[in-house]
Amino acid sequence: MEWNLFFFINSVLLGIGLAMDAFSVSLANGLHEPDMKRSRMCNIAGVFGFFQALMPMLGWICVHTMLQYFKAFEKFIPWIALILLLFIGGKMLLEGIRSKGEEIEKPKVGFAALLIQGIATSIDALSVGFTIAGYGLGMAAVCALIIAVVTFCISMAGLVIGKKFGTKLSDKAAILGGIILIVIGLEIFIA
């Protein structure tokens, strides 16, 4: 593979495709926390971007070093994503149902939950390492960086949209956010 316009367009398109789960989860986070500050939004989008770049690189490393071990693990990827997103989504859903009609301050998505979201939404990106296996290390790293930037931008858009509608749907935001995460988990599992 060589450095050309097709490489960059392909990397951006990979980033867009991989960022859709991160967009949906960002939307749910924005709904759940409508008063989120810009710095927190950047942190959340940054976590998603980081994991969306990390996973294809890990997949690339697996192809080049331990392919036989990764093949055995590959069948568990949908299960892992499903379990993680069902857990987080279920927790948000229960919080939304319990606090229905109450005017209490909603807890923010904690750092541990954010890491789990980042892993769960990007774990399917491990397989992208196979598609970029023909790249050298430099091209694979640039591709992963482009994916990270695209994911960051798309996640920020999800957070902004979620915040906007979160203030209008304040009592239903946690329920809707939880449902979104559960649906994403099911979609990853079924697809």
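1. Helices and strands. In this predicted model, the chain has 8 helices and 0 strands, and when it is read along the sequence the pattern that emerges is α-α-α-α-α-α-α-α.

2. Contacts along the chain. Among the contacts whose partners have a separation of 6 or more, 93% join residues that lie 24 or more positions apart, a figure worth keeping in view when following the helical pattern from one end of the sequence to the other.

3. Burial and surface. Of the 191 residues in the chain, 46% are buried, while the area that the chain exposes comes to about 9,600 Å². Carbon and sulfur atoms supply 73% of that exposed area.

4. The salt bridge. Side chains of opposite charge can pair when their charged atoms come close. Here the structure holds 1 salt bridge, in which the side chain of glutamate 33 meets that of arginine 40 at 3.0 Å, taken from N to O. As for the setting of this pair, glutamate 33 and arginine 40 are both buried.

5. Cysteines. A disulfide is a covalent bond between the sulfur atoms of two cysteines, and the count of disulfides in this model comes to 0. Is cysteine 62 buried or exposed? Cysteine 62 counts as buried because its relative accessibility is 9%, which is under the 20% limit used for that label. Cysteine 143 likewise counts as buried, because its relative accessibility is 0%.

How values were computed
Residues are numbered from 1 along each chain as its sequence is written. This is a predicted model: local features need pLDDT of at least 70, side-chain atom pairs count only at pLDDT 80 or more; totals for chains, interfaces and linings use all residues. Side-chain values use heavy atoms; hydrogens and water are left out. A salt bridge is a side-chain nitrogen of Lys or Arg within 4 Å of a carboxyl oxygen of Asp or Glu. Buried means under 20% relative accessible area, exposed over 50%, partly exposed in between (1.4 Å probe, protein chains only). A disulfide is a pair of cysteine sulfur atoms within 2.5 Å. Helices (H or I, at least four residues) and strands (E, at least two) are DSSP runs, numbered from the N terminus. Contact means heavy atoms within 4.5 Å. Accessible areas come from the Shrake-Rupley method with a 1.4 Å probe; for residues, only the protein chains shown count as cover.
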